[in-house]
Amino acid sequence: MEKPKKVIYLDHAATTAVDPRVMEAMLPYWTERYGNASSIYSLGREAARAMEEARKTVADILNCEPKEIIFTSCGSESDNLAVRGVAFAQQHRGKGNHIITSSIEHHAIGHTCEQLEKYFGFEVTYLPVDKYAMVDPEDVRRAIRDDTVLISVMAANNEVGTIQPIAEIGKIAHEHGIPFHTDAVQAGGTLPLNVDELHVDLLSLSAHKFYGPKGVGVLYVRKGTPLLPIQTGGGHERQRRAGTENVAGIVGLATALKLAYDHAEENNARITALRERLIQGVLERIPEVQLTGHPTQRLPNNASFAFKYIEGESILLNLDMLGICASSGSACTSASLEPSHVLLAMGIPAEEAHGSLRLTLGNENTEEDVDYVLEVLPGIVEKLRMMSPLYQGAR
């Protein structure tokens, strides 16, 4: 099959294109409505009104009060503010210094917890996962101590797509009066995010994962949750996050989130069908490959694999030459030579974890895109294996 004239983009877990309707909603706030939302004159008031309308839109989707929404610069900042903000506030109040998280979190959580351990005297329990990257809620219960001040478990994994039992974990956290945070960056736009049904006190989102702009995120903070501001300066975001608000970005985020949930049911059904076509095709056509993540409790768009005997980076380079954009895991660590901490936590041997491939579908993908991947991927894998000493030694 010839290289397609268009690029086939299969890395929607890394980022998405901005929806034209989102761009249209944002444009006025870069041009004629460019005021600073903190200014008291008309241009500033107009920007402030747009920002508060966006806040209400997000709050309606999350089923919370608008004042419980904090706008940030990205999902990583939201995660940092949630973990540090609660941890420092709880420590200051004498509640303790113990945090519970999982062993498969995005580095925005994992590295933050590691820093809190190394420099600020916190103790962190990193929960194990099963072979599907699933956290057992009972492991959360068993890890709770008298000095536990925060529990943070992601809603869905960014590498293998496994959806976590967040509502069950949230109930356990609330039974013990412990604030519960979930990194829902990968879940935004597809999974239900009713914060009361999920029993979460803090929830992170990032606009560019659901066809909004880069550089803007959300942190939901339930009223009464202790939170020490990490970024100081002016009195923005009700004294919780200083910095001139990205009004255009905030409008774009709210517009994108509403569009995503207005069409979530139909989009999820179509993309799930493509995902299953892709997964079935890969497993049928390529030997010695395993699907990574939960077979059914996974994000609608995620198809992730581990191929024996070859490197994921080599697969990516070959796919790129044929016009296919994919990933070997988290976009934040895609250049790393280290095997994925997620796959290792799942019990996948390091030599197999090196052969990871993540294909994440989006709204613009078609059956033809999937069929093209299924046409060229087996040949790429076979070619790379024939060059691999590991494969030759195993024959």
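**A conversation about a predicted model**

Trainee: How much of the protein counts as buried?

Mentor: This is a predicted model, and 56% of its 395 residues count as buried.

Trainee: And how many helices and strands are there?
Mentor: The protein contains 15 helices and 12 strands. Its radius of gyration is 22 Å, close to the 21 Å given by the globule rule for 395 residues, so the protein is as compact as a globular protein of that length.

Trainee: What box do the C-alpha atoms fill?
Mentor: Along the principal axes, the C-alpha atoms fill a box of roughly 70 × 55 × 35 Å.

Trainee: What about contacts, how many join residues at least 24 apart?
Mentor: If one takes the contacts between residues at least 6 apart in sequence, 74% of them join residues at least 24 apart.

Trainee: Turning to the surface, what area does the protein expose?
Mentor: About 17,100 Å² is exposed, and carbon and sulfur atoms supply 53% of that area.

Trainee: How many positive and negative side chains are there?
Mentor: There are 37 positive and 51 negative side chains. The centres of these two sets lie 3 Å apart.

Trainee: New topic: how many aromatic pairs turn up?
Mentor: A search of the whole structure finds 3 aromatic pairs. In one pair, the ring centres of F305 and F307 are 6.1 Å apart and the planes stand at 50°, so this pair is tilted. An angle counts as tilted when it is neither under 30 degrees nor over 60.

Trainee: Are F305 and F307 buried or exposed?
Mentor: F305 counts as buried because its relative accessibility is 1%. F307 also counts as buried, with a value of 0%. The cut-off for buried is under 20%.

Trainee: Which residues do ring pairs link into a cluster?
Mentor: That cluster is made of F88, F120 and F122.

Trainee: Now L319, where is it found?
Mentor: L319 belongs to helix α11, which covers residues 312-321. L319 has a relative accessible area of 1% and is therefore buried.

Trainee: Which residues is L319 in contact with, leaving aside its neighbours within four places in sequence?
Mentor: On that basis, L319 is in contact with I324, A326, L357, V376, L377 and I380.

Trainee: How far is L319 from I8?
Mentor: In sequence, L319 and I8 are 311 residues apart, while their C-alpha atoms are 9.8 Å apart in space.

Trainee: What about P28 and T190?
Mentor: P28 and T190 are 162 residues apart in sequence, and the C-alpha to C-alpha distance is 28 Å.

Trainee: Where does P28 sit, and what does it touch?
Mentor: P28 is in the loop between α1 (20-26) and α2 (42-62). Not counting residues up to four places away in sequence, P28 touches R33 and Y34. The relative accessible area of P28 is 16%, so P28 is buried.

Trainee: One more topic: what is phi like at R238?
Mentor: R238 has a phi near 55°, a positive value in a residue other than glycine. Most residues other than glycine have a negative phi. R238 is placed in helix α8, residues 236-239, and is partly exposed at 47% relative accessible area.

Trainee: And what is the phi of E288?
Mentor: E288 is not a glycine, yet its phi is positive, at about 55°. E288 is in the loop between α10 (264-285) and β9 (289-291). With a relative accessible area of 39%, E288 is partly exposed.

Note on methods:
Residues numbered from 1 in each chain as written. Predicted model: local features only at pLDDT ≥ 70, side-chain atom pairs only at ≥ 80, totals over all residues. Heavy atoms only, no water. Helix = DSSP H or I, 4+ residues; strand = E, 2+ residues; numbered from the N terminus. Rg over C-alpha atoms; globule rule 2.2 N^0.38 Å. Buried < 20%, exposed > 50% of the residue type's maximum accessible area, 1.4 Å probe, protein only. Contact = heavy atoms within 4.5 Å. Areas by Shrake-Rupley, 256 points an atom, 1.4 Å probe, with all protein chains shown as cover. Lys, Arg positive; Asp, Glu negative; His and termini not counted. Charge placed at Lys NZ, Arg CZ, Asp CG, Glu CD. Phe/Tyr/Trp six-rings, centres within 6.5 Å; stacked < 30°, edge-to-face > 60°.
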